[in-house]
Amino acid sequence: LHATLRHKVTRHLGQHCSEAPAAWRAVVDKNEDILTSCVFERLAYLAGERPLAILFRCATFVQGVPPTAESIRESLPWPHPDGDENREPDWVFLTESMALIVEAKWGRDNVPSLVQLTDQVRVSAVAWPSRHRVHLAVVQSGRPAFPPSITAAVIRWASVHREVVRELDRELPAHERRILDDVREVLERRGLGGLTFDSLPDLTVEFP
């Protein structure tokens, strides 16, 4: 991660192809899978209930009752339990009682489709039938539509940055502070952290 952020990789690529560094920067700065991995992989290294407590503070639950944060037992990147990669969630956190299913998108108004989320609801019910399944759509902006009768929430990337910064104001073990500093830096590389339109609450305007 830090070799990428400090341009060590792009410098090496430039020795082989003059166009490669710009192409690499475009991938790193815009690819949602790299962003997802950098954030959710690191959150899973935090101890106890802290990572899910951070996520639930960011979340706006649009269906179901907000759950209580628990410790993460397993962190699963891009699992596809039914063997179909087209239905895989981006990330799954397993706790003692929950399966937290994450679908992350980057780009203004880029949200997961209802078909995609419906497929994930179906495969996660088969994969983790004994756990309470909580579906999270992590987006820059926009309003995802979830299938009915599930527990579901929307998280804005700007909210993740805000809550990570707030967590850094607390007393933390040194290694957890380093983890959260990495998450903060990755999000700020995407332009989060300042006052942007995406960070403002959604407004509904009604005309007479």
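Thr68 is exposed in this predicted model, with a relative accessible area of 63%, and because exposed is taken to mean over 50%, the residue falls in that class. Thr68 sits in the loop that links β1 (60-63) and β2 (74-77). The briefing then turns to strand β4 and helix α7, where burial is the main theme: seven of the seven residues of β4 are buried, and nine of the twelve residues of α7 are buried.

**Surroundings of Thr68**

- Leaving aside residues up to four places away in sequence, Thr68 touches Phe56 and Met98, and Met98 is itself one of the buried residues of β4.
- Thr68 and Asp181 are 113 residues apart in sequence, and their C-alpha atoms are 25 Å apart in space.

**Strand β4 and its partners**

- Both faces of β4 are covered, with Met98, Leu100, Val102 and Ala104 buried on one side, and Ala99, Ile101 and Glu103 buried on the other.
- Strand β3 (residues 91-94) runs antiparallel to β4 and is joined to it by four bridges, and the two strands form a hairpin with three residues between them.
- Within this pairing, Val92 has Ile101 of β4 as its bridge partner.
- β4 is also joined to β5 by seven bridges, and here the two strands run parallel; in this pairing, Val102 stands opposite Leu136 of β5.
- The connection from β4 to β5 involves helix α6 (residues 114-127), and β4, α6 and β5 together make a right-handed β-α-β unit.

**Helix α7**

- Helix α7 covers residues 157-168, a run of twelve residues, and reaches 17 Å from its first C-alpha to its last, which is close to the 16 Å expected at 1.5 Å a residue.
- The helix is mostly covered, and its buried residues are Trp157, Ala158, Ser159, Val160, His161, Glu163, Val164, Glu167 and Leu168.
- The cover over these buried residues includes three helices, namely α4 (32-43), α5 (50-58) and α8 (174-189), together with the strands β4 (98-104), β5 (132-139) and β6 (151-156).
- β4 therefore appears in two settings, being mostly covered itself under the cut-off of under 20% relative accessible area, and being among the elements that cover the buried residues of α7.

Definitions and conventions: Residues numbered from 1 in each chain as written. Predicted model: local features only at pLDDT ≥ 70, side-chain atom pairs only at ≥ 80, totals over all residues. Heavy atoms only, no water. Buried < 20%, exposed > 50% of the residue type's maximum accessible area, 1.4 Å probe, protein only. Contact = heavy atoms within 4.5 Å. Expected span 1.5 Å × (residues − 1). Pairing = 2+ DSSP bridges. Right-handed = clockwise from strand over helix to strand, strands pointing away.
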